[in-house]
Amino acid sequence: MGKRKEFIGSVVSDKMQKTVVVKVMQMNKHPKYSRIVKVYNKFKVDDKSGLAKMGDTVRIEETRPLSKDKRFRVVEVLKKAQPLNIEKVEEIK
């Protein structure tokens with residue numbers, strides 16, 4: 001039995017039902033130039049419980065194909081996003 005892939009990323013969209021889009025950053029070494037390059041991937045992730053919201057940091061795990069695009073599921077929410085405190089500013093006349 002092989003080990004399932006696990007990634008940590010941030011939720012960039014939660015507009016679908018039971019699905020979130022997670023952006024994962026990986027550091028790879030460029031084969032020719034030997035520089036460290038950041039590579040970003042976006043995965044559609046199954047979130048049946050609906051706990052993950054936009055801006056949260058989550059751990060995702062590979063699973064069997066759940067739909068055309070979904071191959072991962074949310075294991076846990078590591079860090080909740082800070083809510084934006086937008087105060088109403090009165091106009092000065």
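Start by selecting Met25, Met27, Ile36 and Tyr40: together they make a nonpolar surface patch of about 430 Å². Keep in mind as you look around that this is a predicted model.

Now colour strand E2 (19–29) and strand E3 (36–46), since each of them supplies at least two residues of the patch. Zoom in on Met25, which sits in strand E2. Is Met25 buried, exposed or partly exposed? Its relative accessible area is 39%, so Met25 counts as partly exposed, a class that lies between 20% and 50%.

Next, follow how E2 and E3 pair. The two strands run antiparallel and are joined by 11 bridges. Find Thr19 and look across to E3, where Asp46 stands opposite. Then move to the turn of this hairpin, which has six residues between the strands. Select Ser34 there, a turn residue with a positive phi of about 55°.

On to the partner strand E1 (residues 6–16), which also runs antiparallel to E2 and is joined to it by five bridges. Select Val11 and you will find Val22 of E2 opposite. The hairpin of E1 and E2 has two residues between the strands, and Lys18 in this hairpin takes a positive phi near 60°.

For the last stop, select Lys70, in the loop between strand E4 (57–62) and strand E5 (72–79). Lys70 counts as buried because its relative accessibility is 13%, and the cut-off is under 20%. What does the side chain of Lys70 make a polar contact with? The partner is the side chain of Asp46, at 3.1 Å. Farther along the sequence than four places, Lys70 is in contact with several residues, including Lys18, Thr19 and Arg64.

Definitions and conventions: Residues are numbered from 1 along each chain as its sequence is written. This is a predicted model: local features need pLDDT of at least 70, side-chain atom pairs count only at pLDDT 80 or more; totals for chains, interfaces and linings use all residues. Side-chain values use heavy atoms; hydrogens and water are left out. Patches are made of residues with over 30% relative accessible area and no salt bridge: like charges are joined within 9 Å, nonpolar side chains (Val, Leu, Ile, Met, Phe, Trp, Tyr) within 5 Å. Accessible areas come from the Shrake-Rupley method with a 1.4 Å probe; for residues, only the protein chains shown count as cover. A salt bridge is a side-chain nitrogen of Lys or Arg within 4 Å of a carboxyl oxygen of Asp or Glu. Helices (H or I, at least four residues) and strands (E, at least two) are DSSP runs, numbered from the N terminus. Buried means under 20% relative accessible area, exposed over 50%, partly exposed in between (1.4 Å probe, protein chains only). A polar contact is a pair of N or O atoms within 3.5 Å; within protein, one must be able to donate a hydrogen and the other to accept it, and residues adjacent in sequence count only if both atoms are side-chain atoms. Contact means heavy atoms within 4.5 Å. Two strands pair if DSSP finds at least two bridges between them.
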